[in-house]
Amino acid sequence: AAPAAGGPAAGGAPAAAAASDEPSLSLQQFGFRPSIFTRKGGRLVLNGRRLLFQPELAAASRLDACECAARALRLALALDEAEPLSSPRLVAFLDAASSLKAVRLDGLDEEQKLAFFLNVYHTMIQHAYSLLGPPSSLLKAISFFNTIAYQVGGDVFTLAELEHNVLRAPSCRPKSFFSKWVLPKSSYSFALTTADYRLNFALSCGSASGLATVPVYQPTLLGAQLDAVASAFLARTVAVSCRSGGGGGGGDAAVALTLPKLFQWYARDFGSGKHAMEGAAVAMEFLRGPERELLRSRLAQEQKPDLEIRYAPFSFACSRLIELEVGRESSGRRISGGGPGG
């Protein structure tokens with residue numbers, strides 16, 4: 001499990017920096033007051049190391065947006081927790097993050113946009129954790145995700161805006177009492193228009209309730225990468241077990257299925273949102289071995305399946321992200337919309 005706070009308090013240097021005489025990344029050591037990063041709505045824009053003037057803007061706008069985002073993420077994932085300020089890797093990363101300000105997004109198709117924005121999201125997470133450390137509670141997470149921001153393609157968005165108003169724009173809103181008050185209502189012309197429930201497994205903030213490993217997404221490999229991440233995520237977070245006292249299924253023992261909390265929060269991403277069995281069917285598609293066969297046998301029962309579904313609590317203990325190497329072989333499955341085969 002990840003530690004309750006995998007990095008320094010806001011504005012401080014990482015604890016590991018004490019072992020080195022050279023300072024590492026912090027807000028003060030950027031050489032700017034935090035207010036210089038602030039934009040309308042209290043956003044803290046982090047990718048401002050370089051100011052891009054007209055010649056640089058023109059050059060950056062000709063760069064491939066997906067390659068720029070992929071490079072920024074690779075460099076972010078390569079940083080040590082206490083990267084010294086003189087590190088060429090740190091300078092290269094900050095320059096790569098700055099270059100995202102001028103990329104052109106108007107020519108991207110849906111798969112390119114999904115790969116691009118997933119890479120930007122995880123770059124922002126790693127950048128913010130390196131600078132501030134991860135949030136350690138629900139209230140701190142709400143402030144964190146609604147404050148940390150990047151300027152990309154001539155626009156500005158926070159982590160929450162990128163997740164809910166760009167990546168999840170065509171998907172459902174979370175079933176949470178607080179969501180209507182804490183989630184942003186911004187709109188973006190480059191938002192995705194096609195829902196893909198695998199996005200729920202692909203977005204990672206490094207929570208102990210999911211994966212702290214992320215691939216660098218590529219449009220040409222996107223389907224295989226999303227499948228691989230979904231399989232890894234569900235293998236880690238889903239539990240299937242037998243319990244005595246089952247009533248149906250010809251005397252078979254009842255089965256207890258524990259799903260991650262996101263199946264409850266985003267139930268309508270996996271079907272109508274009215275039946276927990278819809279989420280169970282999605283999980284089954286990505287499980288392997290005895291757990292898959294046990295779950296399949298219960299879902300195949302003609303009468304009410306002898307299946308108890310529970311939801312695991314979500315942990316706000318987060319850690320820095322690590323690169324996940326995903327093979328190039330595709331499973332042949334391309335899943336979009338609200339359920340298997342959708």
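A polar contact of 3.1 Å joins the side chains of Asn 200 and Asp 269, in a predicted model of a protein with 342 residues. The protein contains 13 helices and nine strands, and 49% of its residues count as buried. Of the contacts between residues at least 6 apart in sequence, 74% link residues at least 24 apart. The exposed surface amounts to about 15600 Å², of which carbon and sulfur atoms supply 54%.

**Asn 200 and helix H9**

- Asn 200 belongs to helix H9, which covers residues 199-202.
- Asn 200 is buried because its relative accessibility, 7%, lies under the 20% cut-off.
- Apart from residues up to four places away in sequence, Asn 200 touches Arg 168, Leu 262, Tyr 266, Asp 269 and Phe 270.
- Asp 269 is thus named twice, as the side-chain partner in the 3.1 Å polar contact and among the residues that Asn 200 touches.

**Helix H5**

- Helix H5 runs over residues 110-132 and has 23 residues.
- At 1.5 Å a residue H5 should span 33 Å, and its end C-alpha atoms lie 32 Å apart, so the two values agree.
- Of the 23 residues of H5, 20 are buried, and the helix is mostly covered.
- At the start of H5, a side-chain oxygen of Asp 109 comes to within 3.2 Å of the backbone nitrogen of Glu 111.
- Just after H5, Gly 133 adopts a positive phi of about 85°.

**Helix H6 and its buried side**

- Helix H6 spans residues 138-145, and its buried residues are Ala 141, Phe 144 and Phe 145.
- These buried residues lie on the same side of H6, because they cover an arc of only 85° around the axis.
- In an α-helix there are 3.6 residues a turn, so residues three or four places apart point the same way.
- The packing partners of the buried residues of H6 are H5, E3, E4 and helix H7 (159-167).

**Strands E2, E3 and E4**

- Strand E3 (residues 148-152) is largely enclosed by the rest of the structure, because four of its five residues are buried.
- Strand E2 (residues 43-45) pairs with E3 in the parallel sense over two bridges.
- Strand E4 (residues 155-158) pairs with E3 in the antiparallel sense over four bridges.
- Ala 149 in E3 stands opposite Val 45 and also opposite Thr 158 in E4.
- E3 and E4 form a hairpin with two residues between the strands, in which Gly 153 takes a positive phi near 55°.

**Val 182 and helix H8**

- Val 182 is located in helix H8, residues 179-182.
- The relative accessibility of Val 182 is 27%, and the residue counts as partly exposed.
- When neighbours within four places in sequence are left aside, Val 182 is in contact with Ile 142 and Asn 146.
- Val 182 and Phe 145 are 37 residues apart along the chain, and their C-alpha atoms are separated by 9.9 Å.

**Thr 237 and Ala 235 in helix H10**

- Helix H10 covers residues 222-237 and includes Thr 237; Ala 235 lies in H10 as well.
- Thr 237 is buried, with a relative accessible area of 14%, whereas Ala 235 is exposed, with a value of 56%.
- The side chain of Thr 237 reaches the backbone oxygen of Phe 233 at 2.8 Å.
- Beyond its neighbours within four places in sequence, Thr 237 is in contact with Ser 209, Gly 210, Thr 258, Leu 259 and Pro 260.
- Ala 235 and Arg 288 lie 53 residues apart in sequence, with a C-alpha to C-alpha separation of 8.1 Å.

**Helix H12**

- Helix H12 comprises residues 276-286, with Gly 279, Ala 280, Val 282, Ala 283, Met 284 and Phe 286 buried.
- The helices against which the buried residues of H12 pack are H9, H10, H11 (262-265) and H13 (289-299).
- The strands against which the buried residues of H12 pack are E7 (254-259) and E8 (307-311).

Note on methods
Residues numbered from 1 in each chain as written. Predicted model: local features only at pLDDT ≥ 70, side-chain atom pairs only at ≥ 80, totals over all residues. Heavy atoms only, no water. Buried < 20%, exposed > 50% of the residue type's maximum accessible area, 1.4 Å probe, protein only. Contact = heavy atoms within 4.5 Å. Areas by Shrake-Rupley, 256 points an atom, 1.4 Å probe, with all protein chains shown as cover. Expected span 1.5 Å × (residues − 1). Polar contact = N/O pair within 3.5 Å; in protein donor to acceptor, adjacent residues only side chain to side chain. Pairing = 2+ DSSP bridges. Arc of directions from axis to C-beta.
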